[in-house]
Amino acid sequence: MERPLIFDSISLSLKDRVESVRREFGNTLYVYTFASLYAWQEDEQYEICFCKDAFLVKNGAEGENAFLFPCGSENGKKELVDALLQYETLDFYCLTDEDKAFLEKEYPDRFEFTESRNEFIYLFDRDAQIALEGKEYKKQRHQINIGKASAKEWKTERLTEANVERAIKINQAWAERKGNNGLADAEAARRALEHFSELSIFGLIFQADGKDTAYVAGFFITPDTFDLAFCKVLGERQDFFVRWEFFRSLPQEVKKIDSEEDLGIEGLRINKLSRHPNELRRIWKGSLKL
């Protein structure tokens, strides 16, 4: 690439361009969806650069020369990687097995790779998570029953422009309750909810005995795969029930639930593994050899 790479903030006007590239070249990592990039851009210090039929995201929170692996055509990805080889240090994040193989083929012995267990993606079979058949799901069924019994009356509403402010209030209450012990996604969730329509969010608000108690929201990665991005529950031991009800509300086309990563947080890892994912998608970090 002859011209220098020019990075810009991730504005709403870029949605169609990002999604067009991502979908055309079959990228199904939730991280690359426009909704996720937009919601997390402040926390992760994301900036974006386009090159023909590919794009590159700078991940400033990870370091000066840290990037998500390029998304797009083979030639576009190679052009972007070539341009980055001018740096003395270079780190790629969110590499799949296929991305790792691409770098090994195109740049033999130039990169070293580290398995990023904390970033592995948990994928769940939607039908199995609804049916919960068999002994392995006994504890899940028990937790769901506890959650359901915690209120005399449950009501759910589809998230809309008319009620999204209520989800924002639930999000704020959850953040205040958790404090520094909570996952650091409350701000990303707020940004996503504030642009509910533009980001094509699908979600539910839950009421327990007439009181707003939870919301679940996310994005469609593909027509058959849904990214469960945010799940905030104020009631005790209600999260399994809330999640189960949400899965039942999704369109019939959805077959897989992307539950994202566990970030190495012990309680979160235990929770995700206890729900029996049908796949753990391996993720790598690739670093330019010194």
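Okay, let's start with a question: is helix α2, residues 34-44, mostly covered or mostly uncovered? Mostly covered: eight of the eleven residues in α2 are buried. Before I go on, keep in mind that what you're looking at is a predicted model.

So, who is buried in α2? That would be F34, A35, S36, L37, Y38, A39, W40 and Q41. Those of you who like helix geometry will remember that an α-helix has 3.6 residues a turn, so residues three or four places apart point the same way. Right after α2 comes Q45, and the phi of Q45 is positive, near 55 degrees. Hold on to that, as positive phi comes up again later.

Let me zoom out to the whole chain. We have ten helices and 13 strands. The radius of gyration is 20 Å, and the globule rule gives 19 Å for 290 residues, so the chain is as compact as a globular protein of that length. If you want a box around the C-alpha atoms, think roughly 65 × 40 × 35 Å along the principal axes.

How much of the chain is buried? Of the 290 residues, 49% count as buried. On the outside, the chain exposes about 14400 Å², with carbon and sulfur atoms supplying 46% of that. Now for contacts: take the ones between residues at least 6 apart in sequence, and 69% of them join residues at least 24 apart. And for the charge people, there are 42 positive and 53 negative charges, and the mean positions of the two sets sit 6 Å apart.

Now the aromatics, which I had fun with. How many aromatic pairs are there? The count comes to 18. Take F7 and F67: their rings are 5.9 Å apart centre to centre, with 35 degrees between the planes, which makes the pair tilted. These two come from distant parts of the chain, with F7 in the segment before α1 (15-24) and F67 in strand β3, residues 66-72, so to say 60 residues apart. F7 has a relative accessible area of 17%, under the 20% cut-off, so F7 counts as buried. F67 is buried too, at a relative accessible area of 1%.

F67 also has a second partner, Y87. Here the pair is stacked, 6.4 Å centre to centre and 15 degrees between the planes. Y87 sits in the loop between α3 (74-84) and β4 (91-95), 20 residues from F67. Y87 is partly exposed, with a relative accessible area of 26%.

There's a cluster as well: ring pairs link F69, F92, F102, Y107 and F111. Worth colouring those five on your screen.

Last topic, back to backbone angles. D209 isn't a glycine, yet it has a positive phi of about 50 degrees. You'll find D209 in the loop between β8 (202-208) and β9 (211-222). How exposed is D209? Partly exposed, with a relative accessible area of 45%.

And then L263, again not a glycine, with a positive phi of about 60 degrees. Where is L263? In the loop between β11 (256-258) and α10 (266-274). L263 has a relative accessible area of 46%, which puts it in the partly exposed group.

That's my tour, thanks for listening.

How values were computed. Residues are numbered from 1 along each chain as its sequence is written. This is a predicted model: local features need pLDDT of at least 70, side-chain atom pairs count only at pLDDT 80 or more; totals for chains, interfaces and linings use all residues. Side-chain values use heavy atoms; hydrogens and water are left out. Helices (H or I, at least four residues) and strands (E, at least two) are DSSP runs, numbered from the N terminus. The radius of gyration is taken over C-alpha atoms; the globule rule is 2.2 Å times the number of residues to the power 0.38. Buried means under 20% relative accessible area, exposed over 50%, partly exposed in between (1.4 Å probe, protein chains only). Contact means heavy atoms within 4.5 Å. Accessible areas come from the Shrake-Rupley method with a 1.4 Å probe; for residues, only the protein chains shown count as cover. Lys and Arg count as positive and Asp and Glu as negative; His and the chain ends are not counted. The place of a charge is taken as NZ of Lys, CZ of Arg, CG of Asp or CD of Glu. Rings of Phe, Tyr and Trp (its six-membered ring) pair if their centres lie within 6.5 Å; planes under 30 degrees apart count as stacked, over 60 as edge-to-face and the rest as tilted.
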